[in-house]
Structure formats: C-alpha cells, structure tokens
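Hello,

Here is the structure I said I would pass on. Please open it first, and then read the notes that follow.

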Amino acid sequence: MAKPKLKQHVINREWCKGCGICAHFCPKDVLEMDEKDKAVVKRPEDCICCKLCEIRCPDLALDVETE
Amino acid sequence: MAVKDYIRERFFPHMWCPGCGHGIVLNSLLRAVERLGMSKNEIVMVSGIGCSSRISGYVDFHTLHTIHGRALAFATGVKLGQPELNIIVPMGDGDALSIGGNHFIHAARRNIDLTAIVMNNRIYGMTGGQYSPLSGYGTMATTAPYSNIDQDFDVVDLSIAAGAAFVARTTVYHAKQMADILMKAIIHEGFSVVEVMTQCPTYFGRKNRAGDAVDMMEHMKEITTPIGSKAKEKNPDLLERGIFVQKEIPEYCQEYERIIERAQADVS
Ligand SMILES: Cc1ncc(C[n+]2csc(CCOP(=O)(O)OP(=O)(O)O)c2C)c(N)n1
Ligand code: SF4
Ligand code: SF4
Ligand code: SF4
C-alpha cells in the first residue's frame, strides 16, 4: 500500500480546548500550541499521517486529511 | 459513514474539561463503530450519571441517559425487549462499581449481550473528586484528605470472577488499541467488559499531583504493558492491557427465547 500523503490538518478552533495532547504525542513534532492555547500546524512537511493526533484528541477537534 | 456523522454536533464543544480522557473514549468508540460499518439505528447507548455518562448525549445513536449506577439494569431491559440491537453501556468507575457494583456482577454472571465500558478515572469527577472503589490505597481525594485507606477492585479480575464472556483493559494513551478492542467487544456475543484507564486532570490529577492530562497519559504508558510481555516478568507491578477473556458461553437473551418456546409448547 502506498504511503498516505497529507492533504491538510483541519483544526476546529471552536472545539479545541488547548490540552496539548496532540502536540505532545506527535512522533514528528508537527503540531504546536499557539498564543491562544489552540493547536496549530507548524511543520506539515514532517507529518507521516499516523493520525495519532486525530484519534487522541479528546475534543474531536482535529482531522488529518490525506490524499 | 464519517465519524462526524455519528455525533450530535449541535452539542459541541462538549462539557468535559480540557484534556479529560472521557473525550478520547468517545473518539475511539466512534472509530470502532465507523470501522464496523454500523448504522446509527442498530446501536443503543445506555448510560447512568457522571461526567462519563454524559457521553450518551453526544452520540447520535438511540440513547438513554438514566440514573446513577443503574445503566446496566436499564440496558438489560432494552436488550431483552429488542435483542437484535447492539447495546453499549459506558460507565464511570463510581457508576459501574460502587453504586452500580451489584448490577455489574450480576449482568456479567447472566452473560447478557451488552458492551460495558468502564471509564476508569479513579475518582468521582462529576461531584467534585470523592474517592471511588477504584481509587486505590494511598490516593488523595476530597473525601480522603489524609490519603485513602480503601483497597481498590481490579476490574479485570472482578469481571472474570463474575463470569463475563469478554474482558479487556486498555488506556486512553493507547487509543488505537482501544478502538480495536472496542470493535471486538461490540461484536462479541455475551457480556463484554472493557476497562479503559482514563484521566480526570481536574480532580484526580490535582489532588494527586499527577500533573496535567499529558503527564497522566505518559504515566499510563509507563505503568502498563501488553499481556504476557517480557517487561511484566521483570516488573510484576506493571498492569497488563489487552484481551484477557474471549469465550463463547450461553447468552441470556437466547436462553430466554428458548424458555419462551418451551412455555408456548406447553400451553399449545
Ligand atoms: C443515586 C445517586 N447517588 C449519588 C449521586 C451523585 N453522583 C452523581 S455522579 C456521581 C459519581 C460520579 O463518578 P463516576 O461514576 O466515577 O463518573 P465520573 O464523573 O468520574 O466520570 C455521584 C456520586 C446521584 N446522582 N445519584
Ligand atoms: S488534542 Fe484536540 S483539544 Fe487538545 S490541543 Fe490538540 S486539537 Fe486541541
Ligand atoms: S498525523 Fe501523526 S505525524 Fe502527523 S501531525 Fe498527527 S501525530 Fe503528527
Ligand atoms: S471533572 Fe474530571 S471527569 Fe469530569 S469532565 Fe472534568 S476532567 Fe473529566
């Protein structure tokens, strides 16, 4: 199976509560928390589309869309 | 169907605190249901009272939000009335095993086809941090300001002893494993118990200086190991996670159906 390719991360800023779980456990350090304590994508080029951030988000605020 | 099609978006953002593990249980459960390709109409979620029990408000299945400790009693009624439906019963540790402890052991003993999820944050979240039968010796709680002297239940051992047909343990850190286990638990015919170790950063975390949600999840990684691992041999204190029991034994609704047939044969 071909490796999935990242289209984009979709972060719902209304739902994100800034727990930092996605950013902390990302194996590639792709995500960060911004000054408003919301998750943001900092290094999309490093994303391996493992979707761990998506499945661990307690607020269903983050989707990893692949091609 | 996409995961978002299984929720009631109008109630989001949900009521749980930032980093509350209950949201990760919801997340993994939705993925399990999506992967099973189930329709919303074939699932009934029955919950009691607690932060954990609020999960039934967020899923777009048939849902019943009932009373504290009695979710399994209501679920038993639903299942006997409509045995073709899949019944999922998420419970807090207090809900499942203090006030609901008796319902829990007897549902397991009868082997009625329900999927019980024990969302174990080791504390009463909703009412402000009282200790539960799963808090464990030496933990701090609002009702144990000098530390708790109660021993805790082991949910897995208890469920096995009570006769459950499917028994598993996982954690919210291991969310992918949780989704896999939940899939198997849902399709297993019989009483299935999945203990999910989860975090209440607001009460358990603060009272026990366990840090924030991230720290509490790191801790789950450290204190657990897959069933039968080498690590367990070296360190017997590690908690095993995975599927402990998966057995076929007579299921209650099917047995009940036979009783009805026998009774009808008797009168005709
Ligand atoms: C009969 C009854 N007794 C007590 C309560 C108060 N009460 C509400 S939730 C709860 C415990 C919640 O703890 P748990 O079940 O572990 O769920 P959590 O909130 O931690 O998810 C209690 C004691 C109640 N609602 N009904
Ligand atoms: S895990 Fe979810 S809620 Fe937490 S910071 Fe990331 S996107 Fe926000
Ligand atoms: S998909 Fe994996 S690698 Fe990409 S941001 Fe999420 S956790 Fe990081
Ligand atoms: S009090 Fe605890 S269990 Fe309840 S929502 Fe907050 S973190 Fe979750």
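Is B:Ser147 buried or partly exposed? B:Ser147 has a relative accessible area of 31%, so it counts as partly exposed. Please keep in mind that this is a predicted model. B:Ser147 sits in the loop that runs between strand 4 and helix 6 (155-162) of chain B. Its phi is positive, at about 90°, although B:Ser147 is not a glycine.

A second residue of this kind is in chain A. A:Leu60 is not a glycine either, yet it has a positive phi of about 50°. A:Leu60 belongs to the loop between helix 2 (52-56) and strand 4 (62-66) of chain A. With a relative accessibility of 5%, A:Leu60 counts as buried, because the cut-off for buried is under 20%.

A:Leu60 also leads to chain B. Leaving aside neighbours within four places in sequence, B:Asn27 is in contact with A:Leu60, and also with A:Glu54, A:Ile55, A:Arg56 and A:Cys57. B:Asn27 is part of helix 1 of chain B. Its relative accessible area is 0%, so B:Asn27 is buried. Between B:Asn27 and B:Ala179 there are 8.6 Å in space, C-alpha to C-alpha, although the two are 152 residues apart in sequence.

The segment before helix 1 of chain B holds B:Pro13. The peptide bond that joins B:Phe12 and B:Pro13 is cis, with omega at about -5°.

Now the sheet in chain B. It is an open sheet of eight strands with mixed pairing, and the strand order is 2-1-3-4-6-5-8-7. Strand 2 (62-65) and strand 7 (224-226) of chain B are the edge strands, each pairing on one side only. On average, neighbouring strands of the sheet are turned by 20° against each other, direction ignored.

Strand 3 (residues 86-92) of chain B runs parallel to strand 1 (residues 43-47) of chain B, and three bridges join them. There, B:Ile43 has B:Asn86 as its bridge partner in strand 3. Strand 3 of chain B also pairs with strand 4 of chain B, in the parallel sense, over five bridges. In that pair, B:Val89 has B:Ala116 as its bridge partner in strand 4.

Why is strand 3 of chain B described as largely enclosed by the rest of the structure? Seven of its seven residues are buried, so the description fits. Both faces of strand 3 are covered. On one side the buried residues are B:Asn86, B:Ile88, B:Pro90 and B:Gly92, and on the other they are B:Ile87, B:Val89 and B:Met91.

Helix 1 (residues 22-36) of chain B lies across strand 1, strand 3, strand 4 (115-120) and strand 6 (192-197) of chain B. Helix 1 runs at about 155° to strand 4 of chain B.

Next, ligand 4. The residues around ligand 4 include B:Trp16, B:His22, B:Asn121 and B:Gly125, together with the cysteines B:Cys17, B:Cys20, B:Cys51 and B:Cys200. Helix 8 (residues 201-207) of chain B gives the largest share of this shell, three residues. By class, the shell has seven nonpolar residues, four polar residues and no charged residues.

Last, the cysteines. How many disulfides does a search of the whole structure find? The search finds zero over all chains. As for two cysteines of chain A, A:Cys26 has 18% relative accessibility and so counts as buried. A:Cys50, at 24%, counts as partly exposed.

Regards

Methods:
Residues numbered from 1 in each chain as written. Chains lettered and ligands numbered in written order. Predicted model: local features only at pLDDT ≥ 70, side-chain atom pairs only at ≥ 80, totals over all residues. Heavy atoms only, no water. Near = heavy atom within 4 Å. Helix = DSSP H or I, 4+ residues; strand = E, 2+ residues; numbered from the N terminus. Nonpolar A, V, L, I, M, F, W, Y, C, P; charged D, E, K, R; others polar. Disulfide = S-S within 2.5 Å. Buried < 20%, exposed > 50% of the residue type's maximum accessible area, 1.4 Å probe, protein only. Pairing = 2+ DSSP bridges. Axes fitted to C-alpha atoms, helices over the stretch in contact; angles between N-to-C directions. Contact = heavy atoms within 4.5 Å.
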